[in-house]
Amino acid sequence: MRFNWNFDYVKGSKIAYTFSIILTIAGIISLLSLGLNYAVDFRAGSNVDISVSKSITAEQINPIVKDIGVNEGDVTITPGSDRVNVRFSKELDENQESKFKQEFTKLDATASYEVNTVDPEMAKELERNAIYAVLIASIGIMIYVAIRFEWRFALAAVVSIFHDAFVVISVFSLFRLEVNLTFITAVLTIVGFSINDTIVIFDRIRENLRFAKKTSKADLREVVNRSLSQTMTRSLNTTFTVFAASLCLFIFGGESIRMFSLAMVIGTFFGAYSSIFIAAPLWFTLKGKQVNKPKTVAKESN
């Protein structure tokens, strides 16, 4: 069964723009007021990951935290049925770490521990390198698209991928989800996935432009809508495949890849959304200004 994807996507983009602007404003407010919930990868401190054989509550762990001389406000405890995570905002010394394990063993004699410590300089360097990675990837994509197509395609593509990356970051900020190194990997993967989908649509637009009239904005609008209709099945099939795989990883995968999977679920959906309702309509807006420019007529002087 074949679906008819004929639709005025350019008209629908107005609603998409409004939704994206609201989401972006909410994300900016959240980032300025709350910031990101950094994991130990991006801030100094010690992270104790404990495998347990029975359920342990935060109330049971709080007295141990007091005993080792750490303020409760500097500790985040995430209990679970088979795994407990205790994150300290300051580095534990050897005595504190040893005493913590000793006291916790009284709660669960079979518990096993994995302790990760990050010093302040390393945390800052990791955060700085993560920002550089996203920026360098975006600049590289813009240069490639500008050479392969034209600057209007490049600008629309970069706005689209920045939108996707920022939406994922905003969601993690709003819901206080943990940001770690796997999250950065997910953002870069989302950027790659989004640009791939966008390039397919842009390539079809360029192909259709060869055989279309380009005398008015209405002609360009028809080209964009037709190109999106022709690539819609491919876009949705690819998106659904990645989305389903990411969702399964989030539901059935281990704790270590959960945030990566969740970021991929969010980013995959918005990657397809932005390619269709932001990147292509934005190119149409930029190109339409060129079409509407009045042609100058040279006058011969006698």
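**Patch and sheet in a predicted model**

Modeller: In this predicted model, Ile131, Tyr132, Leu135, Ile136, Ile139, Ile143, Ile147 and Phe162 make a nonpolar surface patch of about 830 Å².

Colleague: Which helix gives the largest share of the nonpolar patch?

Modeller: Helix α4, residues 120–148, with seven residues. Leucine 135 lies in that helix.

Colleague: Why is leucine 135 called partly exposed?

Modeller: Its relative accessibility is 39%. Buried means under 20% and exposed means over 50%, with partly exposed in between, so leucine 135 counts as partly exposed.

Colleague: What makes leucine 135 eligible for a patch, as far as accessible area goes?

Modeller: Patch residues need over 30% relative accessible area, and leucine 135 has 39%.

Colleague: How do you know that β2 and β4 are paired, and in which direction do they run?

Modeller: Pairing takes at least two bridges. Six bridges join β2 (residues 45–51) to β4 (residues 83–88), and the two strands run antiparallel, so they count as paired. Within β4, valine 84 stands opposite isoleucine 50.

Colleague: What is the strand order of the sheet?

Modeller: The order is β3-β4-β2-β5, in an open sheet of four strands with antiparallel pairing.

Colleague: Why are β3 and β5 called edge strands?

Modeller: β3 (75–78) and β5 (112–118) each have a single partner strand, so one side of each has no neighbour in the sheet. From one strand to the next, the twist averages 10°.

Colleague: Which strands does helix α2 touch?

Modeller: Helix α2 (residues 58–67) packs on the sheet and touches β3 and β4, with its direction at about 150° to that of β3. Helix α3 (residues 94–105) lies across β2, β4 and β5, at about 155° to β5.

Notes: Residues are numbered from 1 along each chain as its sequence is written. This is a predicted model: local features need pLDDT of at least 70, side-chain atom pairs count only at pLDDT 80 or more; totals for chains, interfaces and linings use all residues. Side-chain values use heavy atoms; hydrogens and water are left out. Axes are lines fitted to C-alpha atoms, for helices over the stretch in contact, and angles run from 0 to 180 degrees between N-to-C directions. Contact means heavy atoms within 4.5 Å. Patches are made of residues with over 30% relative accessible area and no salt bridge: like charges are joined within 9 Å, nonpolar side chains (Val, Leu, Ile, Met, Phe, Trp, Tyr) within 5 Å. Accessible areas come from the Shrake-Rupley method with a 1.4 Å probe; for residues, only the protein chains shown count as cover. A salt bridge is a side-chain nitrogen of Lys or Arg within 4 Å of a carboxyl oxygen of Asp or Glu. Buried means under 20% relative accessible area, exposed over 50%, partly exposed in between (1.4 Å probe, protein chains only).
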